[in-house]
Amino acid sequence: MRILLVEDEKILADTVRRGLVNEGFVVDVTHDGVSGLSAATEHAYDVILLDLMLPLKNGYDVLRELRQRRIWTPVLMLTAKDGEYDQTDAFDLGADDYLTKPFSFLVLVARIRALMRRGAPERPVVLTLGTLTLDPVNHRVRRGETPISLTAREYGLLQYLMRRHDQIVSKADILDNVWDSAFEGGDNVVEVYIGYLRRKIDVPFGVQTLATVRGVGYLLSADRVAKPVAAPQPRA
Ligand code: CA
C-alpha cells in the first residue's frame, strides 16, 4: 500500500513517514504543492495525505487540479485549526476526509485504512437534484443539458440550498451561510436572490422547484412541474 505525503513541515513529515513505514506502508514525501501534484499525477497511490498550507501551491489547488485531471485517489486533508478554510471547502473540492492538526498517529492510521478499504471509484462530486446539477469543481450548473450562468452569490445560494434539499431553510440560515458575517443589510436580500435564482433554474424550464414556505423560509426539491396555465375558456 503506497501513500503520498505532501507536507512542508519537515519534522512532522518525517515523523509521520517513519510511523507509516513501521505500519508497513510505502511512503513518498514531497514538501511543496507543485511536486506533490506531479507525484500524485505520475504515480499511483492508494491514499494521498495532503497538507493545506503548502509552499508554491496550496493543498486546495493541488486537490482541485487532481480532480480536474480525473485522478480520484482518496485524499485526506491535513488542516490547521482555525484555518482560513473549513471542512466544507475540503469536501466541496473532493477531499475524502480531513484531520485537524495536531492529530493522533493512531487516528491517522485508522483513517488511512478506512480510505483504503473504500477505494477510489470514479465518483463525481457533482450535486444532483432531479435534473439540476451543480459541479463544485468547476462551478458549472445545469438543468438537464442546459448550462445555467449564475453570479457568485447565486451560485453560493444554490449550493447551500442543494445541500439542504427537501428541508425548509430559513432566511436567517441562508444569510448566515451564504453572506459573510460583515453583511449588514436586512434579510430582504435573501428574497431578492431567491427570485433571481428562480428565474434562472426554474422559470425557463417550466418547473417550480424552489418554493417559498410563507413565514418560514424556502424549500428546494426535485423537479415539480409548474401548474399548467388554465386553458382559455371557449367563448360562449
Ligand atoms: Ca503546512
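Colleague: Which residues is K57 in contact with, leaving aside its neighbours within four places in sequence?
Modeller: In this predicted model, K57 touches G33, V34, L37, V62 and E65. K57 itself sits in the loop between strand 3 (47-51) and helix 3 (59-68).

Colleague: What makes the K57 and E65 side chains a polar contact?
Modeller: The distance: their side chains are joined at 2.8 Å, and the cut-off for a pair of N or O atoms is 3.5 Å, so the pair qualifies.

Colleague: Why is helix 7 called roughly perpendicular to helix 8?
Modeller: Helix 7 (residues 171-178) and helix 8 (residues 188-201) pack at about 85°, their axes 9 Å apart. Roughly perpendicular covers 65 to 115 degrees, so helix 7 earns that label against helix 8.

Colleague: Which residues meet there, in helix 7 and in helix 8?
Modeller: From helix 7 come K171, I174 and L175, and from helix 8 N188, V189, V190 and E191. By type, the contact has four nonpolar residues, one polar and two charged.

Colleague: How do you know that strand 6 and strand 7 pair?
Modeller: Pairing takes at least two bridges, and three join strand 6 to strand 7 (residues 132-135), so they count as paired. They run antiparallel. One of the bridges links T128 to T133 in strand 7.

Colleague: And what makes strand 6 (127-129) an edge strand?
Modeller: Strand 6 pairs on one side only, as does strand 9 (146-148). The open sheet has four strands in the order 6-7-8-9, with antiparallel pairing.

Colleague: Which helix packs on the sheet?
Modeller: Helix 6 (residues 152-163), touching strand 6, strand 7 and strand 8 (140-143). Its direction makes about 115° with that of strand 7.

Terms used:
Residues are numbered from 1 along each chain as its sequence is written. This is a predicted model: local features need pLDDT of at least 70, side-chain atom pairs count only at pLDDT 80 or more; totals for chains, interfaces and linings use all residues. Side-chain values use heavy atoms; hydrogens and water are left out. Axes are lines fitted to C-alpha atoms, for helices over the stretch in contact, and angles run from 0 to 180 degrees between N-to-C directions. Helices (H or I, at least four residues) and strands (E, at least two) are DSSP runs, numbered from the N terminus. Angles under 35 degrees count as roughly parallel, over 145 as roughly antiparallel, 65 to 115 as roughly perpendicular and the rest as oblique. Contact means heavy atoms within 4.5 Å. Ala, Val, Leu, Ile, Met, Phe, Trp, Tyr, Cys and Pro count as nonpolar, Asp, Glu, Lys and Arg as charged, and the others, Gly among them, as polar. A polar contact is a pair of N or O atoms within 3.5 Å; within protein, one must be able to donate a hydrogen and the other to accept it, and residues adjacent in sequence count only if both atoms are side-chain atoms.
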